[in-house]
Amino acid sequence: MMAGKLTAQGAGILLVTANVGSLFEDPENLQKTWLREFCQTVQTHRPLFVALHCQEVGGKNYEASMTHVDSFIKELLSSDVMKDFNRARVYLDKNYKSQEQFTALGCCYFIHESLKNIQQFDFKAKKFRKLLGKEVCSDALPNTAMLEKEKFPQDYFPECKWSRKGFIRTRWALADCAFDLVNIHLFHDASNLVAWEKSPSVYSGTRQKALGFVLDRITDQRFERLPYFIFGDFNFRLDSKQVIESLCSKASMQTVRSTDTNEVDKLIFRESDNDRQVVLQLEKKSFNYINQDVFRENNGKLLLEFDRELSVFKERLNELDISFPPSYPYSEDSGQGKQYMNTRCPAWCDRILMSSTAKDLLVKPENEEKSITYDNIGPNVCMGDHKPVYLYFRLSTGPGKPNANKHKCCVVQ
């Protein structure tokens, strides 16, 4: 018998976000390691409900790699650790032929056999339904009533070019406690040089607009408002201009322009003494800094002051303290677990955020017990270019509790 009572009261909940794009480029090496580390996390915390939100399902060359996705899900469902989870719902947006709809998001939910009272919301019928068995849906996501999926409007996309960005929402009720789970993938920084031009960068503005769009959608009048957890690849970056000014405070900058277009190709920051050693070389897709340790030491804590994209949403979104190093961009070399690629400034792209009503659902730790953990998965091994990030907590539910969910739902039996 696993730890955790048979009711939802105090049930362990594990939320995981993982950009899995790399796994399908090198399934032989990366997938095994990834699954092992994921299962190890489940084993350590012994949750009764697991929600895994994936982005970039099928990888960058999705037309060639979609076949690997099915074997990945099969492995996950049949792994030893997951065998006591007798109900599962897997939703994979694999329809890459439809550019206006394709998000490459994947949502996997696993329910332990000891958790009796759980239901999932039907958005068409507007009522909760009991869960039985295991189901994998991938072909007709727009038609399933059990989720809401949207891609951002085309004018939100930089240069109006479609890419795999959007969100999926599902709604759950554990006993008398109901909440939304939202998988999200926001826009990346296309060019390090553009990101450096001003503070905050033009890209952070695009992400802010898209995140605002999602928050407005999930709190609008169509459905009852509930606590929500929103976790995915937000692509949040450090304030590039300010972080570079801090890292290269004693350096002088040289600008290298393209001979054809006269556009800036490269910025080179050199120390004024010390043989004019290069500290940082910045190009569109290259961020080559002399000392990567600064991003790892003390989990990169010194750089958290430059992580500012959430500050605009402080009234609407909460996050626990970050005590893990930037989650991206790690080396995709399967022998390298802690090395960052020299492509982007490392940043905390992968996050688990929540409404203040959702934060009230976390049982506060008593004494020294570690009942809440916000951390990454596979810190010492290669998990692909993103390290998955997870939040483990116990659910505070039930009448008469100070933080009982005020938004009780009428749960249809």
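The lining of the largest cavity comprises, by class, five nonpolar, two polar and three charged residues, where Asp, Glu, Lys and Arg count as charged, Ala, Val, Leu, Ile, Met, Phe, Trp, Tyr, Cys and Pro as nonpolar, and the others, Gly among them, as polar. The model is predicted, with local features requiring pLDDT of at least 70 and side-chain atom pairs counted only at pLDDT 80 or more, whereas totals for chains, interfaces and linings use all residues. Residues are numbered from 1 along each chain as its sequence is written, and side-chain values use heavy atoms, hydrogens and water being left out.

Among the residues lining the largest cavity are Asp 189, Arg 237, Phe 287 and Cys 345; a cavity is here a set of points, on a 1 Å grid over the protein atoms alone, where a 1.4 Å probe fits but cannot get out, and lining residues have an atom within 4 Å of a point. The volume of this cavity, taken as the space filled by probe spheres set on points joined across faces, edges and corners, is about 90 Å³.

Strand β9 (residues 166–174; strands being DSSP runs of E, at least two residues, numbered from the N terminus) is largely enclosed by the rest of the structure, because nine of its nine residues are buried, that is, under 20% relative accessible area with a 1.4 Å probe, protein chains only. One side of β9 includes Trp 172 and the other Arg 169 and Arg 171, all buried. Pairing, which requires at least two DSSP bridges between two strands, is antiparallel between β9 and β10 (residues 177–185), with nine bridges, and likewise antiparallel between β8 (residues 148–151) and β9, with four bridges.

Terms used: 1 Å grid on protein atoms, 1.4 Å probe; cavity = no way out; pocket = protein on both sides within 12 Å on 5 of 7 lines; lining within 4 Å. Buried < 20%, exposed > 50% of the residue type's maximum accessible area, 1.4 Å probe, protein only.
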